[in-house]
Amino acid sequence: MTWQFQSLHMVRSPYSVIRLAVVLLILLIVFMVCLAFVPWRQTIMASGEVTVFSPMHRPQTINALIEGRLIRWFVKEGDMVRKGQLLGLLQDIRPEFMDPKQLKRYESQRKAYLTKRQALISMIEALEGQQKSLQATRASAVSGAEKQVGQASNRVAAARQNVISAERNVKTAEWNLARRERLYRQGLRSKRDLELAELDMVRASAELQAAQAQLALEERGVSVSRFNRTQLGAEIQARIQDVQARRADAQDKLATVESELARLDVEIANLKQRIAQRRIVSPITGQVVRVYVLGAGQSVTVGMPIALVAPLIQDQAVALYMTDNDAPLLALGRPVRLQFSGWPAIQFMGWPSVAYGTFAGKIAAIDSADGKTRGFRILVKPDVDAIRSGKEE
């Protein structure tokens with residue numbers, strides 16, 4: 001059995017190796033205990049780009065609003081511009097807008113239509129006054145004619161009374177003549193009395209004829225008065241209808257003029273807008289970054305980008321793109337450490353407090369849907385609170 005122990009002795013590990021293993025085991029246990037107290041964080045990596053958080057403060061592309069030809073630029077790349085400042089001019093190439101005096105012609109037409117409209121309004125007002133005057137005249141004329149008809153009717157009634165009285169006188173004269181003839185034949189009256197009775201008969205008959213003639217004349221006067229009344233009313237009514245027809249025609253012309261004025265106002269407004277669109281102006285205050293249309297005479301189409309202006313407002317943000325596996329770790333307000341290209345930095349995974357050259361930020365927005373190709377996008381803004389407190393740069 002001696003050889004067996006001798007073999008074990010030959011293959012036994014040296015004491016130095018055992019000591020090293022024990023030391024390593026103790027160090028591993030100590031390291032694991034230390035890791036329990038380290039502020040460990042789960043870390044993910046992503047790439048992105050610097051952008052502007054507010055869409056209104058991002059670089060603005062100036063697009064051509066009309067089809068035209070570039071005349072000239074008033075700025076160059078790198079110039080600082082104000083909002084509304086003129087950057088360049090375009091020349092319209094559409095045939096219906098190439099007349100340089102088109103706006104003046106439209107305005108001249110508008111002035112002519114305004115003058116015509118005022119004349120028509122004055123005519124309508126005059127015709128309305130004439131119509132009212134004719135209506136008043138008709139009322140007074142008809143009233144006067146009615147009075148004349150009434151007076152004529154009264155004269156007819158008086159003439160009829162005269163005829164009736166004359167007829168009674170004739171009958172009385174006839175009865176008196178017959179009585180005297182009878183008495184004359186009996187010898188009770190003289191011939192002179194008979195002649196006087198005959199004379200009374202003749203006088204009564206003449207008065208009756210005169211009364212009848214006057215009645216006929218008065219009746220014709222009533223007819224004439226009624227005819228005059230009807231004719232006068234018809235004439236005035238015809239004149240009123242003529243005025244109404246002229247007024248309706250003037251109103252129709254006024255409506256046509258109003259329609260033409262409305263059309264011209266639209267044309268003038270569109271043309272002014274078209275002329276304004278020939279001016280290339282800066283939508284924001286900033287710096288001209290790039291000019292896409294260079295040479296004078298180069299044509300542009302509607303919607304074609306012709307320049308790029310970057311704003312001066314600093315609303316910095318970083319757009320980072322995450323994979324769908326890392327998306328569940330994202331939340332609004334969570335801290336982010338940013339490392340920029342060309343800036344020396346030392347990053348410690350899971351221990352951001354000892355990182356060097358990185359910048360603090362917070363998640364400000366998370367897209368609800370992925371970008372198909374680059375993953376989920378998040379927007380990170382600087383940690384303002386940490387920067388103000390002096391803990392971060």
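S282 touches a set of residues far from its own stretch of the chain: leaving aside neighbours within four places in sequence, its contacts are I62, V81, R82, K83, G84, Q85, L87 and V309. This is a predicted model. In it, S282 sits in the loop between β6 (279–281) and β7 (286–291). The protein has 5 helices and 13 strands.

**Around S282**
- S282 has a relative accessible area of 2%. The cut-off for buried is under 20%, so S282 counts as buried.
- Its side chain reaches the backbone oxygen of I284 at 2.5 Å.
- Two of its contacts are I62 and V81. The strand β2 spans 60–63, and β4 spans 80–81.

**The four-stranded sheet**
- An open sheet of 4 strands runs in the order β2-β9-β7-β4. Its pairing is antiparallel.
- The edges are β2 (60–63) and β4 (80–81), each of which pairs on one side only.
- In general, strands of a sheet pair through backbone hydrogen bonds, either parallel or antiparallel.
- β4 and β7 are joined by 2 bridges, in the antiparallel sense.
- V81 stands opposite G286 of β7. V81 is also one of the contacts of S282.

**Pairings of β3**
- Strand β3 covers residues 68–73 and strand β5 covers residues 86–92. They pair in the antiparallel sense over 5 bridges.
- W73 has G88 in β5 as its bridge partner.
- β3 also pairs with strand β8 (residues 299–300). That antiparallel pairing has 2 bridges.
- R69 has S299 in β8 as its bridge partner.

**A nonpolar patch on the surface**
- Which residues make the nonpolar surface patch? They are L25, L28, I29, F31, M32, V33, L35 and F37.
- The patch amounts to about 860 Å².
- One of its members, L35, is found in helix α2 (residues 15–37).
- L35 has a relative accessible area of 40%. Partly exposed lies between the limits of 20% and 50%, so L35 is partly exposed.

**The protein as a whole**
- The protein has 393 residues, and buried residues make up 26% of them.
- About 26,700 Å² is exposed, and carbon and sulfur atoms supply 56% of that area.
- Take the contacts between residues at least 6 apart in sequence: 74% of them join residues at least 24 apart.

Methods:
Residues numbered from 1 in each chain as written. Predicted model: local features only at pLDDT ≥ 70, side-chain atom pairs only at ≥ 80, totals over all residues. Heavy atoms only, no water. Buried < 20%, exposed > 50% of the residue type's maximum accessible area, 1.4 Å probe, protein only. Polar contact = N/O pair within 3.5 Å; in protein donor to acceptor, adjacent residues only side chain to side chain. Contact = heavy atoms within 4.5 Å. Pairing = 2+ DSSP bridges. Patch = residues over 30% accessible without salt bridge, like charges linked within 9 Å, V, L, I, M, F, W, Y side chains within 5 Å. Areas by Shrake-Rupley, 256 points an atom, 1.4 Å probe, with all protein chains shown as cover. Salt bridge = Lys/Arg side-chain N within 4 Å of Asp/Glu carboxyl O.
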